[in-house]
Amino acid sequence: MLLEGKNAVITGSASGVGRASALRFVEEGARVVCADLDADGAKETVRQIEEAGGTAVAVATDVSKEGDVAAAIQAAVEHFGRLDIMFNNVGIPTPRLGMTFTDHSFADYQKLAAVNFGGVFLGCKYAVEQFKKQGDGGVILNTGSVAGLVGWGGTVYGATKGAVVQLTRAVAVEVAPENIRVNALCPGAMPYTGFMAAGGLQLPEDQIEQVAQAAGSIHPMGRPVTAEDCAEAAVFLCSDRAKNITGVLLPIDGGYVAK
Ligand SMILES: NC(=O)c1ccc[n+]([C@@H]2O[C@H](COP(=O)([O-])OP(=O)(O)OC[C@H]3O[C@@H](n4cnc5c(N)ncnc54)[C@H](O)[C@@H]3O)[C@@H](O)[C@H]2O)c1
């Protein structure tokens with residue numbers, strides 16, 4: 001029980017990495033606020049958690065809206081008494097997978113920046129304020145991407161993830177004296193989450209495995225990254241076992257950025 005007694009907010013927990021992490025956090029003893037734009041999906045995650053005997057609440061949240069992010073953190077305080085872990089996990093892909101840099105309109109840039117960087121900025125800001133109020137530290141985990149570490153494609157998406165990477169390092173250094181840790185997961189290609197569909201790639205059932213194996217083959221380990229791979233790393237980084245780990249950008253990419 002690595003997260004016994006901890007109270008977490010996980011954004012984007014209606015799907016993919018967020019849902020897998022919410023389920024794993026509860027297995028490790030945490031209580032979770034499932035915050036997502038997709039309110040029904042967040043409720044479904046809560047249903048799965050309660051079915052497994054855990055405790056969670058769903059909160060409809062748009063991470064690009066300041067009041068929504070503050071309210072998600074407040075929900076942890078109201079329901080569970082305090083906040084221990086803020087997992088800023090939401091990210092949206094480029095509007096159409098395969099877009100070039102110049103294909104992006106200014107509106108595309110603004111949306112990507114508001115959700116992918118703005119959402120993490122707000123999550124970090126309000127979590128640090130809450131942790132300072134509580135006075136005994138806390139943990140922030142952000143979801144970056146290999147696209148924020150190396151040139152990958154999805155140029156504007158990658159730039160927003162680069163911003164997440166840099167914010168993670170800078171905030172980690174600033175708040176370390178307050179015993180607040182800040183790290184980021186940087187996943188490689190995860191074809192089984194809702195991300196490709198969000199990027200407009202709706203695949204028929206029989207093609208999903210084919211595309212997943214093709215995506216996996218770009219990683220030296222030769223297999224796709226899964227939401228569960230990320231959830232395992234998230235549990236560790238948010239636990240006290242990682243008490244001296246901060247400012248780390250952890251690739252979960254089967255060796256992609258090491259190449
Ligand atoms: N899937 C990949 O290949 C991949 C690779 C690297 C990094 N990532 C990152 O991993 C994270 C999780 O992605 P995933 O693959 O689980 O995707 P997903 O699409 O399965 O989940 C994303 C969730 O975020 C929610 N969401 C979208 N916009 C929101 C908003 N404005 N406010 C609140 N919630 C919002 C969606 O409803 C969804 O539940 C993202 O940050 C993504 O950028 C994904």
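Guide: Ala, Val, Leu, Ile, Met, Phe, Trp, Tyr, Cys and Pro count as nonpolar, Asp, Glu, Lys and Arg as charged, and the others, Gly among them, as polar. With that split, the shell around the ligand divides into twelve nonpolar, twelve polar and four charged residues. This is a predicted model, in which local features need pLDDT of at least 70 and side-chain atom pairs 80 or more, while totals for chains, interfaces and linings use all residues. Residues are numbered from 1 along each chain as written, and side-chain values use heavy atoms, without hydrogens or water.

Visitor: How many residues surround the ligand, and which are the closest?

Guide: There are 28 around the ligand (a heavy atom within 4 Å), and the closest are Ser-15, Asp-36, Tyr-157, Thr-193 and Gly-194.

Visitor: What does the side chain of Tyr-157 do there?

Guide: An N or O atom of the Tyr-157 side chain lies 2.6 Å from a ligand oxygen, a polar contact (N or O atoms within 3.5 Å). Thr-193 likewise places a polar side-chain atom 2.6 Å from an oxygen of the ligand, whereas Gly-91 uses a backbone N or O atom, at 3.1 Å from a ligand oxygen.

Visitor: Which helices supply the shell?

Guide: Helix H1 (16-27) and helix H5 (155-175) each give at least two of the shell residues, in a chain with eight helices and seven strands (DSSP runs of at least four and two residues, numbered from the N terminus).

Visitor: What about the overall dimensions?

Guide: Along the principal axes, the C-alpha atoms fill a box of roughly 45 × 40 × 35 Å.

Methods:
Polar contact = N/O pair within 3.5 Å; in protein donor to acceptor, adjacent residues only side chain to side chain.
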